[in-house]
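Colleague: Could you walk me through how to read the ligand sites and a helix pair in a model like this one?
Modeller: Gladly, let's look together.

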Amino acid sequence: MRNATPVRALSGFAVDLGGTKLAAARLEAGRVVARAQTATDGSAGPEAQIAAMAELLARLGHQRGAPLGVAVTGRLGRNGCWGAVNTGTLRRVADVPLAEMLAARFGAARALNDAAAAAWAEYQLGSGRGAENFLYLTVSTGVGGGLVLGRRLLDSGNGLAGHVGFVSSPDARDLCGSERRGTVESIAGGRALAVAAAAAGHPGRDARGVFTAAAVGDAWAEELVARSARAIACLVADLTAALGLERVALGGSIGLAPGYLDRVQTALAQEPPLFRPELCAAALGQDSALTGALLRALDTQETQR
Ligand code: ADP
Ligand code: BMX
């Protein structure tokens, strides 16, 4: 789909439900002008997830029927059905008729995967502009991807397209919440870093805590962060071979953490030049999924007119 919505018309509301945080925003002319955030409850069922979204949106002045885009972690099928791929992240989200539930609760709404939403925003307005084949990669609670190939956002009927975190990784061995063994997500994502920290004798540390320890030179933490970055670099090279990527943007709190992009860049430098796309930080930062969700919601309205 080409973008039908000029930035000046990008006004409305957006939600971004990740594995760690739930954010909502009000946008005006393409910019986030108000934001509300809370922690994600990974054990909540669909009704409670939507109630949490509604609470944040109400704080921002959302009224039924106002333009609303909703980005969610997990796969979103073309039939509007939502399910976790990593069932350790959202433990009670399977076969949820999300499109229907959002329409009932909020009037107008369009839902899509969080990384796909972010990819579309970055492609239209941020670091993906002008690229023909572009990947947005979020290293966050999990590892997610949105692919713009031949200037179109890739999707699939079952909503799995773009789930690059579930590709195998050479250094990974553990069983992932997707039931696959040895995935990139199982070694590089935030949940994986917390598990690995505990296994290394540092329980109770989340990924942010691992980065803090790495920043003061703790060798165990250094190694976990470096291993995550190596897995991401390998993934980038593999996907470049398969898809001819020109540019890759990193997002998510780990992807955007100080020093992480440099580590991925250093690991990628070990690959032959042909397999090294341009690598950059997501220009819209933490706002890319929110912006992309609203962009797609408004694009859909435009297309339906
Ligand atoms: P979500 O997955 O909900 O979209 P984030 O992009 O914030 O949310 O990713 C959450 C993960 O990032 C968690 O594992 C958290 O510990 C980690 N994290 C948050 N802030 C930082 C930071 N400053 N440095 C490194 N990791 C971080
Ligand atoms: C996981 C998967 C993707 C998501 C990605 C990043 C689930 C619940 N999520 O790979 O759908 O795009 O994480 O999401 O299966 P986040 O939770 O890290 O923001």
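Modeller: A residue is near a molecule if one of its heavy atoms lies within 4 Å of it. This is a predicted model, where local features need pLDDT of at least 70, side-chain atom pairs count only at pLDDT 80 or more, and totals for chains, interfaces and linings use all residues. Residues are numbered from 1 along each chain as its sequence is written, chains are lettered from A and ligands numbered from 1 in the order in which they are written, and side-chain values use heavy atoms, with hydrogens and water left out.

Colleague: Which residues come nearest to ligand 2?
Modeller: Gly74, Asp114, Ser140, His163 and Glu185, out of 19 residues around ligand 2. For classes, Ala, Val, Leu, Ile, Met, Phe, Trp, Tyr, Cys and Pro count as nonpolar, Asp, Glu, Lys and Arg as charged, and the others, Gly among them, as polar. On that scheme, the ligand 2 shell holds 13 polar, four nonpolar and two charged residues.

Colleague: Which side-chain N or O atoms are paired with an oxygen atom of ligand 2?
Modeller: A polar contact is a pair of N or O atoms within 3.5 Å. Here the side chain of Asp114 has such an atom 2.6 Å from a ligand oxygen, and that of Asn113 has one at 3.1 Å. Asn86 takes part through a polar backbone atom, at 2.8 Å. As for burial, with accessible areas from the Shrake-Rupley method and a 1.4 Å probe, ligand 2 alone exposes 440 Å², and the protein buries 96% of that.

Colleague: Which residues are closest to ligand 1?
Modeller: Thr20, Lys21, Thr141, Arg208 and Ser253, among 15 that surround ligand 1. A polar side-chain atom of Ser253 sits 2.5 Å from a ligand 1 oxygen, while Arg208 offers a backbone N or O atom at 3.2 Å and Gly19 one at 3.3 Å. The protein covers 85% of the 570 Å² that ligand 1 has on its own.

Colleague: And how do I read the helix pair?
Modeller: Two packed helices are described by the angle between their axes and the distance between the axes. Axes are lines fitted to C-alpha atoms over the stretch in contact, and angles run from 0 to 180 degrees between N-to-C directions. Helices are DSSP runs (H or I, at least four residues), numbered from the N terminus. Helix α5 (residues 190–199) packs on helix α7 (residues 219–243) at about 150°, with axes 11 Å apart.

Definitions and conventions
Helix = DSSP H or I, 4+ residues; strand = E, 2+ residues; numbered from the N terminus. Polar contact = N/O pair within 3.5 Å; in protein donor to acceptor, adjacent residues only side chain to side chain.
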